[in-house]
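Welcome, and please open the model in your viewer. We will walk through it one selection at a time.

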Amino acid sequence: MTQQILNAIFIGSIYALFAVGYTLVFGVLDVLNLAHSAVFMLGAVITYSLVALHGMPFLPAAVIAVLVCGLLGLLIEFVALRPLRRRNAPPISALISTIGLALIFVAIVEQANPGSFFSWLWQDGANSVRFPAGAVPNPTFHVLGLTIEGTKLLILITAVVLMLVLGYVIRFTQLGRALRAVAENRRAATLLGIQVDRIFASTLFLSSALGGLAGLLFGLAISDISPYIGRDQVELKGLAVIVLGGMGSIPGAVLGGYLLGLIEVLAFVRFGSNVEAGVAFAALFLVLVIRPQGLFGARLRERL
Amino acid sequence: MRTGARAIVVVLALALSACGASAPGASSSNSYQGKTIHLGAILSLTGAGGVYGPSSQKGMQLAVDKINGSGGVNGAQIALDVKDDNSDKAQSAQVAQTLIQQGQLLGLLGPTLSNSAVAVHPLAESFKIPILAVSTTGIHIVPDCNYPKTDPCKYVFRDSLGEESAIPANIKTYADTAHPKTGVLMVANDDKFSSDGGKIVQNTVSQNGIQLLDTVQFSKTTADFATPVTKAVQKKPDVIFITSLGGIPAKIMIEARKQGFTGQFLGGNGFNTAVVSKQAGADGKGAQSGSAWYINNTFASNSGFVQAYRAKNSGDPDQFAAQGYAAILILADAAKRANLTFSDIPGDRTKLRDAMESVNIDTPLGRFQFTSNHDVKQTIWIIQMDGNGGFTLVKSVTPS
């Protein structure tokens, strides 16, 4: 059972890391960025590409992948979000256009085979791969009959540290104050001299870099890198997590991530896989009945 | 929808017969000259089955190129239209519908997954188009494609070795030498291929003296297999049976080794691709399964295929490529003998179907014939992953 709770903490960390980026964009822009799962996938794919196809050591590859994912965030802002915002399109339009971008990102990877245009990025088409053996050290500790993997420990530490850093940035820095001002009232923030467009771009960069990081850590810990890891395995769960935590709340996303991981694992152990998802979403439903705004969902203007 | 499609087929057939009427009295082989044999394939090039579909496609294309390059089928060229079903049952049926509505196809191949075959095969049967399954190994594929109705489907064939033959042969082979006492079954419960395999394992283990300690079911969309694997490993079994597809068997092996499992992995058709062997890497070494094909078989129809495949594609063929290649050879052989008119499409389809029943040719899988149930009857190759993305042969089993 203790092993299963450890399993829950690790998978919860991945849900949390993914959901933090998701909820950040929602908190500031009031838009659900459904391309986030594709960026998550690209974080893993780009790191894999640099390590396995271009012979780069893991650490610099990971840094480059995170930065590239941040830049993809800017692409999402400039291509899918800003043009619609300029036309005062409703948030649902932005949601649809991010779905479009996600489909394009996934298609680029799944169609990439040796000899194709994107073969420098990916050569395995729809297949699932793992990092080459020995590319990343993964010491496994056996303590008191429990198995603890280095990579999963790394995820846990990364998730906690990033949450603290993000909390600090939002609470105590100039950028954070601007973010909160924009989240509270876009027009007032503009009147105060805050360049709203720049804040939006920074938010997308930050959120996507986090998403990419979550993706590469997922690929590392789960030994599964494919065009579909974002869409199939974290997208809906990430959505559940941010609803559970309170839309736009960062601490809520973190807590929600761990909670969903725990509920899922306990449901699996106790009832088996037929009800695993059912129990998780029933718990979500219950939380929403009792607290419609989610666990940490404050009134709109306080949500960051 | 169906009546609409039928109407289109009839109109097209009439139009084609009007064209064909200008060459009366031509002998059967001459009437093939300059004609095209249209075939359609429904494959999972993307999605969960994307591990298998592209291999099938490469094998098929290789055979098509080979046949067309050496004079075609009595002079007729084969045109193969491959459509992706994204590993989705509904999309698979939709794609099949689209192909059928084109009206000129003589035969279909696929779909990749048993899960989709349930939707596609009855459709082909109702339109009286011969369909040859190239990778579906679940139960109730042939002849009872309309299961739970048991009347045999006349137009459905398969050249892929069923799990009902392969899994028991594999378990028996392992049990005869290693005498394991206990096992845990890990099975994806939201996929027909996987759950069929699970049922076959459950029905087979006790005959081989193995006690099944637990059946751990999971969803094929599970992100982290740590949880189900922990549940299995804690029972301390001698054997973990895995019936699942895509990258999942590899992920389970990796996770189980991390958690200290040192026993044997036994599985089904989901093990039999180099992609899965490569992903599992050293953690998959020794994982054993029954396969329809073995790469290092030296009989000419296999070595020629392997050589041609390597010359055209980067890397080695796998079982799915071999079955795809064999499928085109089977259809070409049947078409050659079917005395096709190229004017009466529905009639040609029935002729092709009739000719398929008497196919008897050499393929990379070995000498190929259909049983009276349209299933394949062939040698089973028991293979193990070699830890480097390949396989080694344990033994060959001739079914009784």
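With 400 residues, what radius of gyration does chain B have, and what would a compact globule have? Select chain B: its value is 22 Å, which agrees with the figure near 21 Å for a compact globule of 400 residues. The radius is taken over C-alpha atoms, and the globule rule is 2.2 Å times the number of residues to the power 0.38.

Before moving on, note that this is a predicted model, where local features need pLDDT of at least 70, side-chain atom pairs count only at pLDDT 80 or more, and totals for chains, interfaces and linings use all residues. Residues are numbered from 1 along each chain as its sequence is written, while chains are lettered from A and ligands numbered from 1 in the order in which they are written.

Stay with chain B and colour it by secondary structure: there are twelve helices and 14 strands (DSSP runs, H or I of at least four residues for helices, E of at least two for strands, numbered from the N terminus). Its C-alpha atoms fill a box of roughly 75 × 45 × 35 Å along the principal axes.

Next, show both chains. Here 31 residues of chain A are in contact with 30 residues of chain B, contact meaning C-beta atoms, placed from the backbone, within 7 Å. On the chain A side, H1(A) provides the largest share, five residues.

Finally, select Ile328(B). Beyond its neighbours within four places in sequence, Ile328(B) is in contact with Met60(B), Ala63(B), Val64(B) and Ile67(B).

Key: Two residues are in contact if their C-beta atoms, placed from the backbone, lie within 7 Å.
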